[in-house]
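Please open the structure in your viewer and keep the selection tool at hand. The tour below moves from one selection to the next and says what is there.

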Amino acid sequence: MSVDWHNFRPQGVETYDFHSGRPKETPWDSEEQIDRYVPTHCCYCGVQCGMYLKVAGDKVVGVEPREDFPVNHGMLCPKGATAYQTVNHPDRLTYPLMRRKGKNSPLERATWDEALDTIARRFREIQAQHGNDAVSIYSGSSMTNEKCYLMGKFARVAVGTRHTDYNGRLCMSSATGANERSLGIDRAANPITDMLHADVIFVVGANVGECFPIVTSWLWKARDRGCKLIVADPRQTPIARTADIYLPLRPGTDSALLNAMLNVVIREGLVDEEFIAARTNGWEETRSLALQYDPEQVAKICGLRADAIIEAARLYGRAKAAMIYTARGLEHQSKGVDNGVACANLALATGNFGHPGAGYMTLTGQGNGQGGREMGQKASQLPGERDIEDPEDRAYICSVWGIDENDLPHSGYPATLQIPAMLRQEIRACFMICSNPMVSLPDQHTVERALRGLDLFVVTDFFLSETAELADIVLPGSVWAEDEGTTTSLEGRVIKYNKAVEPPGEARRDWEIVCDLARRLGKGQYFPFSSVREIFDEMRLCTKGAKADYWGITYEKIDAQNGVFWPCPTPESVGTPRLYEERFGFPDGKARFNPIYYIPPAEEPDGEYPMVLTTGRVIYHYLSGNQTRRTPFLKEMAPYPWVEIHQETADRLGIRDNDWVQVRTRRGEMTAPALVVRSIRPDTIFIPYHYGHSQAANILTNPVLEPMMKIPEYKVCAAAIARTEQAPDWAAEVNPAVLAAALRKRHELPSASDSPRPTLR
Ligand SMILES: Nc1nc2c(c(=O)[nH]1)N[C@H]1C(S)=C(S)[C@@H](COP(=O)(O)OP(=O)(O)OC[C@H]3O[C@@H](n4cnc5c(=O)[nH]c(N)nc54)[C@H](O)[C@@H]3O)O[C@H]1N2
Ligand SMILES: Nc1nc2c(c(=O)[nH]1)N[C@H]1C(S)=C(S)[C@@H](COP(=O)(O)OP(=O)(O)OC[C@H]3O[C@@H](n4cnc5c(=O)[nH]c(N)nc54)[C@H](O)[C@@H]3O)O[C@H]1N2
Ligand code: SF4
Ligand SMILES: [Mo]
C-alpha cells in the first residue's frame, strides 16, 4: 500500500481540533499503526469513488483512494478526502433526544425504549383519529439501497401510509420524468468510460468541475483524444472556460435553445433518418414543431448570439458519436421534464444512442441517487421501478411481502407536496430520515411553519441538522462507514460499502432503528431481518423481472466485478453497462419523440425584481452542508454563503467586492457578501445553497413545481439586489479575515476573471 498519495493529507480525526481548526500531534504518523484498510466508496456524490478507510483500533483515522476502482483510479476530490472526518466527529449524536413537555421544551436525553415507544404510541393515536395517511415518511438517497428499500416497505407495511417520498424529488426527478417519457428506463444510458468514445460532449446545466470532480478527469481524457466540448450554463464554470463553444444562456431558456439546435440539425440535413425510422416513434410532430424555432429568434429568448447556437448545432450534429450530459441546471426548473425531453429529442434525431460514446444522460447527484429512485421509497413506486398503481406489480410485491393486496396503500404525495399537506393538517406526523429540508426545500419560511405545526415530528440523523432542531424526537443514526450495503452510482453500477467501525455511543444502524420501530408498531413479522444481506436478498426478489432488475446481483458478484450494472436478470448475467443497444424501454422497443414548446420560467424579472436569481453548489460543500460544514478544511474553504454578481452590474449598483448585499424575492430576503466576478451573466446572480438559518438561499427561492415530477424551480426566480450597511445577524460570528480569504480563493478560480460572452474557438 502506498503511503503519501497526495500532498493534502487530512489529519486523523482525533488529531484535529475541530473548533480551533488546528492540527494536534498525530498518533498515527506511520502506516504500521493502521490495523485495517476497509475497501469501500465515498459517501458523497453519485460518482461513488472507491476508497479505503484506514482503521486504527475502533476508529476510522484516515483514507486512501482505491487504485483498483475503475472510475476514480486513485483520485478523490476534497470532499471524498475528508469524508472520513465525519465518522468520529465530536458533534455526532450518540443518544436519542426528546421534547418531554411540548414544542417549547428543550430536547433532552431519552432512552431508546422511551423514544421508540413514544413514536409508536403517538403514530397509532394520530392514525386512529385522523386516518393512516396522517403520518408521512420523508426519506433520502444518501442511504444504501437496502435502507431505501426498507423505508418504502416500512411506510406501506408498518405505518400503512400512502405518503412516502424522498429528497431525490428535489434532485434529478425531472430527468426521471424525461427518461420515462422518451426512453422508457430511468437510468443513465452509458458508463462513464463512454466519454472516451465521444467526438462531442454537450454539457447542459452541469457544473462538472465542481460537482463531479472525478468525472472531470474523464472529460479531460476525452479532450486529450480530440473530443469537442459544448457547454450551456449562465455561469462560466471551470469546464465552460475550456469549451469549444460556450453558451451562457439566460436561466430557464434551455428548451428554446435545444429546439433551435434541433432546428439547425434538421435544416442542415444532419438527422439520422435510418435510426429514426427503425428505432423511434413520433418524429413528424417533433420535427414540425422544431422547425418553428428559428435560431435568430431563439437567440433573443436565450440572450445568446444566433451564430453560436448554429455552430453548436453543427458541431453536435456532425459528430459520429455525441454525448449530452445534463444536471440540475436544466432540471431544477418548472419545465425541467420538458428540458430533458428536448435533450432526448436532439440525441434521438441524430441517432446518438446505443453505441459507444453516444447518449443522453443525467449526471445523478446524490451518492445513491440512482438506487434511491428505484427501491420503492417514492410516492408512486414499488421496488425495481415498479408502478404502485399497476395491478401486476402490486400483486407481485404483496406476494413477496406476504400481505393482502387490499392492505397495500396506493400512491401518495411527493416530498414537495407533503409540505402543503402539513399546513392543511392533512399530514399530522412525519418520520424523516436522511433529509434536511430546513436547508434544502424552497421557500424556507413556509417549510418551517409546516414542520413546526406537526403533532409529532421525528428525525433520524447522525448530526443535529437544522431540521432535527425542530423535531420532537431525534434518533441517532449511523454514517456509511458503520454499515454495509449497496448503492447504485450515477452510471447505474451497483457497488458495495463495507463496515469499518461500530456506531458511537448509543447510536444505532438506521435499518435496526426502522426494524425496531416496525416491531413496536406491531408489524415485526414483516421485518425479521438480522443482517443487511437479508434485506438485500428480499429486495432482489422484489425487483426480479422488473425494469430495474437486481435479481442476478450478489455481494460476491459486486466484489468480483468491481460493481454490477443493472439490469442483471440472472445469476449468469454480468450486467448491462450500456442501455439501448437494441431496444428502448417501451413495450415496442422504440423510443418516443415528444414535441416540446418553450414555456418561460414561472417568474420573470420585472421592475421590482429586475434580476434572475439562480442557486447551486460549490466544490467544498455537499448538499445541505450538515456534514461538510462540520469538516474543518471544507468549512475553512467556504465558510459562509455569498452572492455572485457580474462586474458591470455591480458597478451600476455601486456594489464592491465583499460589500454586504441584500437580496430580496417575493418569498423573503437574505444578506451575504458580494463576490464580484466576470463569470456570470450580467442579468443573473448566484448564491450557493449549502447553508442554514438566515444564510439559506432557499429563503428566496420559488416553490413553484414542475407539473409531472413536482420538482421545485431552484434555478430561476426574480430577485432584487442592493448594497446594504446592515450586516446580517450572523456577521458577529464571522472572522472577516477567514471570509476574505475564502472569497479570494473563489476569485482564484480561473473562470472568475472571464466574461461569459458566447464563445467560439
Ligand atoms: N461539490 C458538490 N458536489 C456535488 C453536490 C454538492 O452539493 N457539492 N451535490 C451532488 C448532487 S445531489 C447533485 S444534484 C449534483 C448537482 O450538480 P450540478 O447540477 O452540476 O450543480 P448545480 O450547482 O446545482 O447546478 C449546475 C449548474 O447549473 C447552472 N444553471 C443555473 N441555471 C441554469 C439554467 O437555467 N440552465 C442551465 N443550462 N444551467 C443553469 C448553474 O450555473 C450551475 O453551474 O452535484 C452532486 N455533486
Ligand atoms: N436552492 C437550492 N436548493 C436545493 C438545491 C439547489 O440546487 N438549490 N439542490 C437540491 C438537491 S439536488 C438535493 S439532492 C437536495 C438535498 O437536500 P437534503 O437531502 O435535504 O440534504 P442532505 O444534506 O443530503 O440531507 C441529508 C441529511 O441526512 C443526513 N444523512 C446523510 N446520510 C445519512 C444516512 O445514511 N443516514 C441518516 N440517518 N442520515 C443521513 C445528513 O447529515 C443530512 O442532515 O437539496 C435540494 N435543494
Ligand atoms: S467525486 Fe464524488 S464520490 Fe468522488 S470523492 Fe468527490 S464527492 Fe466523493
Ligand atoms: Mo441532488
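Begin by selecting ligand 2 in this predicted model, because the space that ligand 2 takes is the largest cavity. If you then display the residues that surround ligand 2, you should find 32 of them, and the closest are N167, N436, S440, D461 and S624. Colouring this shell by class gives 10 nonpolar, 17 polar and five charged residues.

Next, show the side chains that make polar contacts with ligand 2, and begin with S624, where a polar side-chain atom lies 2.5 Å from an oxygen atom of the ligand. Move on to T615, which has a side-chain N or O atom 2.9 Å from a nitrogen atom of ligand 2, and then to K715, whose side chain places an N or O atom 3.0 Å from an oxygen atom of ligand 2. Taken alone, ligand 2 would expose 910 Å², and the protein buries 98% of that area. To see which elements give two or more residues to the shell around ligand 2, highlight α17 (437-440), β17 (456-461) and β23.

Before leaving ligand 2, colour the domains and ask between which two of them this ligand lies. Domain 2 (97-171 + 368-565) and domain 4 (611-752) both give residues to the shell, so ligand 2 lies between them.

Now select ligand 1, which sits in the second largest cavity. The elements to highlight here, since they give two or more residues to the shell around ligand 1, are α5 (208-211), α13 (328-331) and β23 (611-616). There are 35 residues around ligand 1, and those that come nearest are N207, D233, D254, R617 and H621. By class, this shell holds 15 nonpolar, 12 polar and eight charged residues, and at least three residues come from each of domain 3 (173-362) and domain 4 (611-752).

Which polar side-chain atoms should you look for around ligand 1? One belongs to D233 and lies 2.6 Å from an oxygen atom of ligand 1. In the side chain of K79, an N or O atom is 2.9 Å from a nitrogen atom of ligand 1. When you select K715 again, you will see that a polar atom of its side chain lies 2.9 Å from an oxygen atom of ligand 1, while the side chain of K715 also has an N or O atom 3.0 Å from an oxygen atom of ligand 2. Ligand 1 taken alone exposes 910 Å², and the protein buries 100% of that.

Keep K79 displayed and select ligand 3, because K79 is also among the residues that surround this ligand, within 4 Å of it. The other residues to show around ligand 3 are C42, Y44, C45, Q48, C49, L76, C77, G80, P213 and I214. By class, the shell around ligand 3 divides into eight nonpolar residues, two polar residues and one charged residue. If you highlight α1 (78-82) and α6 (213-224), you will have two elements that each supply at least two residues of this shell.

The last two stops are in the backbone. Select W566 and P567, which are joined by a cis peptide bond with an omega of about -5°, and notice that P567 is found in the loop between β21 (564-565) and β22 (591-592). Finally, go to the loop between α16 (415-423) and β16 (429-433), where Q425 lies; although Q425 is not a glycine, this residue has a positive phi of about 60°.

Key
Residues are numbered from 1 along each chain as its sequence is written. Chains are lettered from A and ligands numbered from 1 in the order in which they are written. This is a predicted model: local features need pLDDT of at least 70, side-chain atom pairs count only at pLDDT 80 or more; totals for chains, interfaces and linings use all residues. Side-chain values use heavy atoms; hydrogens and water are left out. A polar contact is a pair of N or O atoms within 3.5 Å; within protein, one must be able to donate a hydrogen and the other to accept it, and residues adjacent in sequence count only if both atoms are side-chain atoms. Accessible areas come from the Shrake-Rupley method with a 1.4 Å probe; for residues, only the protein chains shown count as cover. On a 1 Å grid over the protein atoms alone, a cavity is a set of points where a 1.4 Å probe fits but cannot get out, and a pocket is an open set with protein on both sides within 12 Å along at least five of seven lines; lining residues have an atom within 4 Å of a point. A molecule sits in a cavity or pocket if more than half of its atoms lie within 2 Å of its grid points. Helices (H or I, at least four residues) and strands (E, at least two) are DSSP runs, numbered from the N terminus. Ala, Val, Leu, Ile, Met, Phe, Trp, Tyr, Cys and Pro count as nonpolar, Asp, Glu, Lys and Arg as charged, and the others, Gly among them, as polar. Domain bounds come from an automatic or database domain assignment.
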